[in-house]
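Let's work through a few exercises together, with the model open beside you. Try each task yourself before you read its solution.

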Amino acid sequence: MTPAAHLDLKPRRRPRGWWLAGLLVALALAALAAIYHRQLPDLTLPRAVQIARELLQVFQVDVGAVEGAACYWRATDELEWTSTAVVRVADTVGGPAAFVTTLGGLVRMARVPVPELRAFAPPVGQDVLGDIVLTDYNFDHGADYAIYLIVHEIGHVLDWRSHKHLSQTVSAETGASQCDLDNPSVACVFDTQRAVEPPPGNPAEPYAGVSTEEYWAEVFATTVYPEYYGQSTANNLVGPQTADVVKTTLRGLGAE
Ligand SMILES: [Zn+2]
């Protein structure tokens, strides 16, 4: 607005009631603004409920209570990151319907208020709390860590439900597990140094080297969500041949 815009205004006499009405409107607006700001912390709750509902209806992922006394989710961000992890897995396996088929149905994620414990996915039969147990620790180290670890745990759920078909097949096909096909009774030798490509993560001490199960969870998680290890150029990402084996083996699982 420029001062010239006021030059044409002439003083006008207004009835006194007009001012009173103006004052009341201003007071009403101020009161509404105060109420609006006081309720701000609750405004994200509908979003939390919406995320939980979408995860259950679209992906058959149950995140438990997102309000009330039984809810241990501390912020809507925790649910946003969980949703991102699920969506990224779905994108990798071919969409929401393929996610449900590949996982073989309901995935229960239990949010527990435990500070110094990593997230974990107990084997089938020991899954009293849930298929995946998400701790405070999981969400205390930023979005990339939280999302990556949830994807990693979904990888374990897939593996348990395939009776370790995924970890055994993928580690054998990349060469990380060397098996004597003529002597099936002899245990396979697991050594990620023998794999066609280095495993993802810290080259000196890859977590993937712990076991075939962790190797699978790590190559799966880095295929789905490379951003986590990608934060440092010192880390290895997943090689193209290994990523191909991961995707081909997953497709085979969904087709069964
Ligand atoms: Zn693991």
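Helices (H or I, at least four residues) and strands (E, at least two) are DSSP runs, numbered from the N terminus. This is a predicted model, in which local features need pLDDT of at least 70 and side-chain atom pairs count only at pLDDT 80 or more, while totals for chains, interfaces and linings use all residues. Residues are numbered from 1 along each chain as its sequence is written.

**Exercise 1. Find the loop that holds His163, and decide whether His163 is buried or exposed.**

Step 1: His163 sits in the loop between α6 and α7 (165-173).
Step 2: Apply the burial cut-offs: a residue is buried if 20 or more other C-beta atoms lie within 10 Å of its own, exposed if 12 or fewer, and partly exposed in between, with C-beta atoms placed from the backbone.
Step 3: His163 is exposed because it has 10 C-beta neighbours inside 10 Å.
Step 4: Check the backbone too: His163 has a positive phi of about 55° although it is not a glycine. Most residues other than glycine have a negative phi.

**Exercise 2. Do the same for Gln60: which loop holds it, and how is its burial classed?**

Step 1: Gln60 belongs to the loop between α2 (45-59) and β1.
Step 2: Gln60 counts as partly exposed because it has 17 C-beta neighbours inside 10 Å.
Step 3: Gln60, not a glycine, also has a positive phi of about 55°.

**Exercise 3. Lay out the open sheet of 3 strands, and place Arg111 in it.**

Step 1: Two strands pair if DSSP finds at least two bridges between them.
Step 2: The strand order in this open sheet is β1-β2-β3, with parallel pairing. Its edge strands, each pairing on one side only, are β1 (61-62) and β3 (132-134).
Step 3: β1 pairs with β2 (residues 107-111) in the parallel sense over 2 bridges, and Asp62 stands opposite Arg108 in β2.
Step 4: Arg111 is also in β2. Arg111 is buried because 26 other C-beta atoms lie within 10 Å.
Step 5: Two residues are in contact if their C-beta atoms, placed from the backbone, lie within 7 Å. Leaving aside neighbours within four places in sequence, Arg111 is in contact with Val63, Gly64, Tyr72, Trp73 and Leu134. Arg111 and Gly64 are 47 residues apart in sequence, yet 7.5 Å apart in space, C-alpha to C-alpha.

**Exercise 4. How covered is helix α8, and what does Thr222 touch?**

Step 1: α8 (residues 212-224) is mostly covered, with 11 of its 13 residues buried. Among the buried ones are Tyr215, Trp216 and Phe220.
Step 2: Thr222 lies in α8 and is buried because 29 other C-beta atoms lie within 10 Å.
Step 3: Leaving aside neighbours within four places in sequence, Thr222 is in contact with Pro200, Tyr229, Leu237 and Val238.

**Exercise 5. Which residues touch the most other members of the largest nonpolar core?**

Step 1: A nonpolar core is a set of buried Ala, Val, Leu, Ile, Met, Phe, Trp, Tyr and Cys residues joined through C-beta atoms within 7 Å.
Step 2: The largest one has 57 residues, and Val89 and Val151 touch the most other members. Helix α6 (residues 143-161) gives the most to this core, with 10 residues.
Step 3: Leaving aside neighbours within four places in sequence, Val89 is in contact with Phe99, Val151, Ile154 and Val224.

Notes
Expected span 1.5 Å × (residues − 1).
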